[in-house]
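Thanks, everyone. I'll take the sheet first, then the aromatic rings.

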Amino acid sequence: MDKKNLDAIRAALKSAGVKTAAALRSLLAETDASVAAPAESLTARGRLTALFDEGTFMESGAYVRRRMDAPGADTENAFEGVICGWGSVAGRLVYAFSQDYSRTKGAISEAHSKKIAEIYRLAIENGAPVVGIFDSAGALMLEGVRALAGYSTLMQCVTAASGVIPQIAVIPGLCAGSAAVVAGMFDFLIVSKVHGSLSFNAPFVLGDAAVGTSDFVSKSGLAALTGDGDGDCIAKAKMLLSYLPMNNQEGTVVASAKDDINRLVDLSAYTASEDARDLIGAVADSGSFLELYAAYGKEIIAGFITLGGTVVGVLASQKCENNGILTASAARKAARMLTFCDSFHIPVVTVLNSKGPDVSLEAEASPYASELAKLAFAYASAKTPLVTVIAGEAYGAVFSLMGAKALGADVVLALESAKVGVMPASSAVAFLWNDQISEEVSREDLEKQWDETMGSPVAAASAGEIDDIIDAAELRQRIGGAIMMLSAKSKGIPARRHLNMPL
């Protein structure tokens, strides 16, 4: 360190009245104590207190300040605008950072990004999740390109951790510009309905006050969950963490369950409503289901359940919403959920009951084929256990794209009432058997005949594309049995030394 920098440090410490470690701690405590949280909000430190188990939070880099030659670095409140550290959440190690709007409005600087980068290094090396709490007005403009490079540092950190450890972004305050890009790179985003704002372009620039609100980002597919204020957002982050493994080597979470895995289920509510939540609730342990991205791609339901204590990802056609048609947004939602589950070896159950693909000009302009290609790629490349249940209609491309055995599903089950085939009976009769309609044979008769023969799950089972046709009451135990059987599924072919020759 040269004399100029050393003199600057001494001058800064002298101006702040800090001469000992005890004095520094006192100064930091006074700084925190002077912070008043906005209405219906928590302070940056209060958010971390709400996240971690009581008494477990350990702060890292508490006294880090900006460069001594940076404007404002010699003032008493020049502690960096982010609080970082680790602790336990429900007894499991978690790393976190919380941007502090009371310190230079949480502006990102070179030192700010380095504090977060150190937390990421520890998280990756120790294989534990990261929770990022975003509340910043942007980059510290007086630092110039160093502050801009700070964003790049954060993007590099999130990329290095992607698929290695789970990452959850909580947005209780402002998250704009490049910070929104960083948050968007996380696995899941939770946005506050009170003060949360997430957008690349500021609402006033676009002339629409709704831009960036929790409702706006939920409908765009960016937010997985929303919360009624800071406390609710933190609570939902903790709930989501309970479904996630520590890292990609640990495998899905398995815990003891009080609900009998062989319990018979009643799907009469699902038959009446065609709401996939009724089926999922009947199958899940204690009926508990954490739904994600509920406001986006509503033709598909996505989320987590436990089944016999094992965490399972669920993708289900929502027949009561637009006939469960596989739209571009629904396909993107399903692909994103499946890709995450595959990254962390979380089993996935796919439930099919859809009228088919989206037949519209709007879909083709998506571009639709590209979105379907991403979904097919996600299923075809997945190494995690895949179980498919045909609970209703599964015609044409929907059957091919979502959970078919030929695409990589390990087990495919169908309810006795399922309908499987190239096309619905009405279309098939019009296309193939229209000439058979007469005074003696009605269209309805032919459609019934098609459903009982070509559209029956028996035909698909005979072709080897369905493993078993089951009674609806057995659905929970049959899915649970398949998941248990696949629990040791290898992500690749085990290496061997040589063949065992039959000598």
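A quick definition before we start: two strands count as paired if DSSP finds at least two bridges between them. Keep in mind that this is a predicted model.

Now the sheet. It is open, it has seven strands, and the order is 1-2-3-4-5-7-9. The pairing is mixed. At the edges sit strand 1, residues 58-60, and strand 9, residues 225-227. Each of those pairs on one side only. On average, neighbouring strands are turned by 20° against each other, direction ignored.

Look at the strand 1 edge. Strand 1 pairs with strand 2, residues 82-89, in the antiparallel sense, over three bridges. Glu-59 stands opposite Gly-85 of strand 2. Helix 3, residues 44-51, lies across strands 1, 2, 3 and 4. Against strand 3, residues 92-99, the helix runs at about 165°.

On to the rings. The structure holds nine aromatic pairs. What is the geometry of Phe-304 and Phe-340? Their ring centres are 6.5 Å apart and the planes stand at 70°, over the 60-degree cut-off, so this pair is edge-to-face. Phe-304 belongs to strand 11, residues 300-307, and Phe-340 to helix 12, residues 328-343, so the pair ties together parts 36 residues apart in sequence. Both residues, Phe-304 and Phe-340, are buried.

Phe-340 also pairs with Phe-344. Here the centres are 4.9 Å apart and the planes are at 40°, so the pair is tilted. Phe-344 is buried too, like Phe-340.

Last point. Ring pairs link Phe-188, Tyr-243, Phe-304, Phe-340 and Phe-344 into a cluster.

Note on methods. Residues numbered from 1 in each chain as written. Predicted model: local features only at pLDDT ≥ 70, side-chain atom pairs only at ≥ 80, totals over all residues. Heavy atoms only, no water. Helix = DSSP H or I, 4+ residues; strand = E, 2+ residues; numbered from the N terminus. Axes fitted to C-alpha atoms, helices over the stretch in contact; angles between N-to-C directions. Contact = heavy atoms within 4.5 Å. Phe/Tyr/Trp six-rings, centres within 6.5 Å; stacked < 30°, edge-to-face > 60°. Buried < 20%, exposed > 50% of the residue type's maximum accessible area, 1.4 Å probe, protein only.
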